[in-house]
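Student: I have a model open and would like to learn how to read its features. Could we go through it together?

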Amino acid sequence: MSRFSTPAIILRRIDFGDYDLILSLITLNRGKVSAIAKSAKKSTKRFAGILEPFSILDVVCTIGKGRLPVLQEAVLKHPFSVIRSDMTKAAYASYWAELINEWLEDSQRQADIYHLFHYSLAGIDTDLAPEAALSILFQMRFAALSGYGPNLTHCSFCSKGLDDIKSSKVAFDIKRGGLVCDACSPGISGRFSLSKGTIKQLLWIESGDLIKAKRIRLDPLAIKESLDFLEAFVPYHLGKAPRSLTFLRQIRS
């Protein structure tokens with residue numbers, strides 16, 4: 001029997017039988033991992049009150065003959081309890097967690113995504129920036145790190161650069177995953193229109209220093225355009241509509 005230890009963030013927990021929990025974790029050292037916490041629901045010592053969504057833990061798991069690793073130890077490092085006490089914050093965090101859980105393959109190390117999720121959770125827990133702005137940051141960087149980042153620099157058909165496109169608003173083709181200039185846009189369906197100012201802010205968010213992200217200052221138009229665009233683009237390339245996104249939109253409205 002082997003064991004591993006790693007920092008981890010809980011993405012999801014599911015009841016299993018009368019006393020056990022199955023946890024989906026994004027870990028620093030091993031990527032996305034599912035583990036079973038045996039007798040977690042009746043434990044008063046090992047796991048009492050700490051196996052909650054979005055909590056940051058140091059975990060120790062053993063790998064034996066069973067299908068899932070077994071959670072042996074867990075030390076709570078940060079509960080992010082403010083998130084779970086605020087419905088809007090919890091809705092955003094649940095959306096991000098579902099994207100990670102559905103998109104990433106098991107056991108593929110994704111340290112950058114772990115750090116991004118950690119940063120985004122800390123941001124909404126401490127009001128580092130507005131929830132919507134942090135969600136824009138999370139989705140842009142998550143898509144880029146996952147290899148599905150949108151092309152916002154040039155026309156996907158003729159390769160004309162963004163600065164050479166004359167219109168103040170530029171079409172974006174969700175299916176093709178990129179911008180479409182005026183000359184190439186007629187007949188393109190599934191389009192979004194993004195102002196050039198919004199596009200340039202999204203490009204900075206995608207590639208800028210994560211620590212400087214607290215300087216994000218998006219005006220209401222940029223926030224609306226960005227959320228409408230990303231909440232269509234990311235699920236489309238994920239291949240399914242996250243259930244948490246429906247709830248998030250209901251909360252926002």
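**Reading a helix, a pocket and some rings**

Tutor: Gladly, and keep in mind that this is a predicted model. Let us begin with helix H3, which is mostly covered, with 11 of its 15 residues buried.

Student: Which residues of H3 are buried?

Tutor: The buried set is Ala111, Ile113, Tyr114, Leu116, Phe117, Tyr119, Ser120, Leu121, Gly123, Ile124 and Asp125. As a general idea for reading such a list, an α-helix has 3.6 residues a turn, so residues three or four places apart point the same way.

Student: What span should the 15 residues of H3 have?

Tutor: Counting 1.5 Å a residue, helix H3 (residues 111–125) should span 21 Å, and because its end C-alpha atoms are 21 Å apart, the model agrees with that expectation. After H3 comes Asp127, which has a positive phi, near 60°.

Student: Now the pockets. What volume does the largest pocket have, and which elements give two or more residues to its lining?

Tutor: Its volume is about 240 Å³. Strand E1 (2–16), helix H2 (87–103) and helix H7 (243–252) each give two or more residues to the lining. H2 provides the largest share, 5 residues.

Student: How many lining residues are nonpolar, polar or charged?

Tutor: The lining has 4 nonpolar, 3 polar and 5 charged residues. Among the residues you can select in your viewer are Arg12, Arg13, Glu98, Glu102 and Arg243, together with Leu11 and Phe54.

Student: How do I read aromatic pairs?

Tutor: Look at the distance between ring centres and the angle between ring planes; planes over 60 degrees apart count as edge-to-face. The count here comes to 9 aromatic pairs. In one of them, Phe172 and Phe229 have ring centres 4.6 Å apart and planes at 70°, so this pair is edge-to-face.

Student: Where do Phe172 and Phe229 lie, and are they buried or exposed?

Tutor: Phe172 is in strand E7 (residues 169–173) and Phe229 in helix H6 (residues 220–238), so the pair ties together parts 57 residues apart in sequence. Both Phe172 and Phe229 are buried.

Student: Which residues do ring pairs link into a cluster?

Tutor: Tyr92, Trp96, Trp103, Phe117, Phe138, Phe142 and Tyr148. You have already met Phe117, one of the buried residues of H3.

Student: And which charged ends sit over a ring?

Tutor: Arg30 has its charged end over the ring of Phe4, 4.0 Å from the ring centre. Likewise, the charged end of Lys42 sits over the ring of Tyr19, 4.4 Å from its centre.

Note on methods: Residues numbered from 1 in each chain as written. Predicted model: local features only at pLDDT ≥ 70, side-chain atom pairs only at ≥ 80, totals over all residues. Heavy atoms only, no water. 1 Å grid on protein atoms, 1.4 Å probe; cavity = no way out; pocket = protein on both sides within 12 Å on 5 of 7 lines; lining within 4 Å. Points joined across faces, edges and corners; volume = space filled by probe spheres on them. Helix = DSSP H or I, 4+ residues; strand = E, 2+ residues; numbered from the N terminus. Nonpolar A, V, L, I, M, F, W, Y, C, P; charged D, E, K, R; others polar. Phe/Tyr/Trp six-rings, centres within 6.5 Å; stacked < 30°, edge-to-face > 60°. Buried < 20%, exposed > 50% of the residue type's maximum accessible area, 1.4 Å probe, protein only. Lys NZ or Arg CZ within 6 Å of the ring centre and 35° of its normal. Expected span 1.5 Å × (residues − 1).
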